[in-house]
Amino acid sequence: MLRPKCSNNVLFLGYTVSDNKWPANAGRHNLGSDIMSQIDIQENERRFVVPGEEIGDSSHRSGMGTYARDGKVFASQTGIVNIRSGYINVQNFAGKYLPRQGDSVIGVIRDIGPNSWFVDISCPYNSMLHASETPWKIDYGMTGQYLQVGDVILAKVNHIDEIKNVNLTIKEHGLRKLSSGQVLEVDYTKVPRVIGKGGSMISILKERTGCKIFIGQNGVIWIDGELDGIAKATQAINIISRDAQKQGLTDTIREFLGATESHEPDEELPDAGDDLIE
Amino acid sequence: MNEKIRLINDDGLRVDGRKPDELRPIKIEAGVLDNADGSAYVEWGNNKVIAAVYGPREVQPKYLQNSAKAIVQVNYNMAAFSGDDRIRPGPNRRATEISKITAEALENVILTNQFPRTSIDVFIEILEADAGTRCAGLTAASVAVADAGIPMIDLVPSCAAGKADDQVVLDVGKLEDNIGQADLPVAYVPRTGEIVLLQMDGHLTRDEFEKALNMAIEACKDIHALQQEALKSRYSPQKEGGDAE
Amino acid sequence: MKRTVIPEIKKELIHKLATEDTREDGRSLLQFRELKFETGIIGTANGSSRLSLGGTEIIVGVKVQVGTPYPDKPDQGVLMTGCELKPMAHPSFQGGAPSEEAIEIARVVDRGIRESGMIDMHKLCIEPEKKVWMIYLDIQVLNYDGNLFDAATMAGVLALHNARILDINNPEGEKVPLPITSWPLTVTFVKIKDSIMVDPTFTEERIANARLTISMDDNGDIRAMQKGLNGALIYDDAIRAMDTARELTFDLRARLQNNP
């Protein structure tokens, strides 16, 4: 009766992301600007697993998406197995974004306190922007004059405390309130699909819509440009998110977007945006 | 009434034509809902069950949060039209109990220590009930948890055994449940060999219990394979996603 | 988008798109989302349907049982419509008793069906003052993305047409359909700034100033209405909505009827 709908999340099917910082960054997608060059096809090594499947013995150490029991390593998440620097990992297909210090994210103000804001960055934990972490000098109780509920910010994860409160900052150059355009959200695991192999997808999106596009590591995407371009980019990203597991997605999107629009000059990447894909 | 209706005929077959150790047909699909972080749909005989998972997310209400691990909250509910008579919406004692034991079963396999101060919320809706809804519900819920990308030790299959016409039978059907002699729902973790849900009502001897438990565990292993398959086919590139129709 | 706080820039974008007769999903303002449905999916219900309208996905089950009539209508059957917005369907929904929102939806769906005269309530009487058929129509929301009014009315009407009950005059014989004839349907409009659009998504509902649901019978006459939300409509909005609703319900009805 009910069939799986536009099933989410297949990305990395056929791709693995090598991460130079491994194992310090234990299997996280590094969405750094050099990510595209790090995605490479390893067709033969592809092994798809679900939680509970045995994936390695004592010769491997248990990495992300795995657990060790009785001298063996098992998958704890659904995804593709990869082995790197002696660690065996499962590159997951679904899951919640878990912030790390230094991540660049896009968030929405959801509540205001006298000297801080509560920000929705689509993660399981409470995240806050304190008045002292802004470029402005704000008197106690005057936070609402600077950022209001519903405002969108380009921020960086400054610190995560011992009780998992996430503290954001917009102090660094390039971080700011976003005052026009569109905000979209995709599963953070689908971000590499929006970027595409070697950045192919994001280039098509930008070229053919004439829009600026920023992708936060939390899966929130900001698009700005002409109204037509924003509308097209919005629909295209929704198609990517919905059909992430389908083959030939780049062609689908190229076809959907049609002829090339005039390309707006690139905005200079903000310093803090090293982890952002524009 | 029990005297009149025979649950097992001279050929050793049950009222629905099954052999004593035969499961009803089971179909599992993962990823059927858009909004939920993970979801699964199970058809099991005439049972139709949908499970949705949200989380890990902030705990509501906040005082329930645990500083060492995620809490697992389950809400099992029977839709108003799912039974023979219309079911009045809202919680009842039976649903509350099933929710509790289902949450406890799932807590055995979810790596809750990775997500302190969060909640993993599981919603199980029985759309059509045909005996064994708690087993079908837990079977669906564990696929939905995996579909949400929540780290876990293993999927949890669940199945009941029971007793009808003095014989131990697998996967008790509706009539067998109503007039049979025992019902023994079990949930088993194949990876660890642990039993994480065990209930019984009726009347069993020690030997019958052992036989019934073994039967249920063997069936759980078969259901486990169906659960794995459901998750794998969700991501199979050949499948082209598919539409709701 | 699942978040409950809608970003300000998204609101502005929706306003701008609306002035160009388009929306985030590429629809025009007076266009419905993709509609899919099937009936007879729940064996324990007398009638049932599953329907999706874009991202909104629901199951409606109809249970028909014998009960006692209301004292003021001793020779008429009873229709009871229930709706719950369960936390399964959207991250912003809470558990517990049905919300005001859910009750309003159930009552508006009920009113459209009841006032259209779709069901011949007198024919549901088995024995005056003692026994009548009671129709329970329960709306189960699996996934919520706005406009439950129209989705639930369509699914409810489909499930009622799908329902079969015991033939009182021939209890041994085949089950019979309910005494129903027509296909009442609703069209829901929202007003966002100065633009009026139909079949709103979750986000559009959240930022709307006013909402208007119009129930229409097979002739295109109005059988029930409900204005909602804390903003206002103007005279022209209401008049134009009538004409639009008339056109759209004719189209929707044809689509529902063509798929048995």
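**Exercise 1.** Determine how many bridges join strand 9 of chain C to strand 10 of chain C in this predicted model, and place the two strands in their sheet.

*Solution.*
Step 1. Strand 9 (residues 185-192) and strand 10 of chain C run antiparallel and are joined by 4 bridges. Within strand 10 of chain C, C:Ile196 is the residue opposite C:Lys191.

Step 2. The sheet is open, has 4 strands with antiparallel pairing, and follows the order 10-9-11-12 in chain C.

Step 3. Strand 10 (195-198) and strand 12 (222-228) of chain C each have a single partner strand, so they stand at the edges and one side of each lacks a neighbour in the sheet. From one strand to the next, the twist averages 20°.

Step 4. Helix 5 (residues 235-258) of chain C packs on this sheet and touches strand 9, strand 10, strand 11 (210-216) and strand 12 of chain C. The direction of helix 5 makes about 140° with that of strand 9 of chain C.

**Exercise 2.** Describe the interface of chain C and chain B by its area and its polar pairs.

*Solution.*
Step 1. About 2500 Å² is buried between the two chains, and carbon and sulfur atoms give 54% of this area. On the side of chain C, the residues that lose the most area to chain B are C:Lys36, C:Thr44 and C:Met88, together 24% of what that side buries.

Step 2. The contact involves 28 residues of chain C and 31 residues of chain B.

Step 3. The rule finds 2 salt bridges across the interface. One of them pairs C:Asp138 with B:Arg86; their closest N and O atoms are 2.7 Å apart, which lies within the 4 Å cut-off.

Step 4. The rule also finds 16 residue pairs in polar contact.

Notes: Residues numbered from 1 in each chain as written. Chains lettered and ligands numbered in written order. Predicted model: local features only at pLDDT ≥ 70, side-chain atom pairs only at ≥ 80, totals over all residues. Heavy atoms only, no water. Contact = heavy atoms within 4.5 Å. Buried area = accessible area lost by both parts, 1.4 Å probe. Salt bridge = Lys/Arg side-chain N within 4 Å of Asp/Glu carboxyl O. Polar contact = N/O pair within 3.5 Å; in protein donor to acceptor, adjacent residues only side chain to side chain. Pairing = 2+ DSSP bridges. Axes fitted to C-alpha atoms, helices over the stretch in contact; angles between N-to-C directions.
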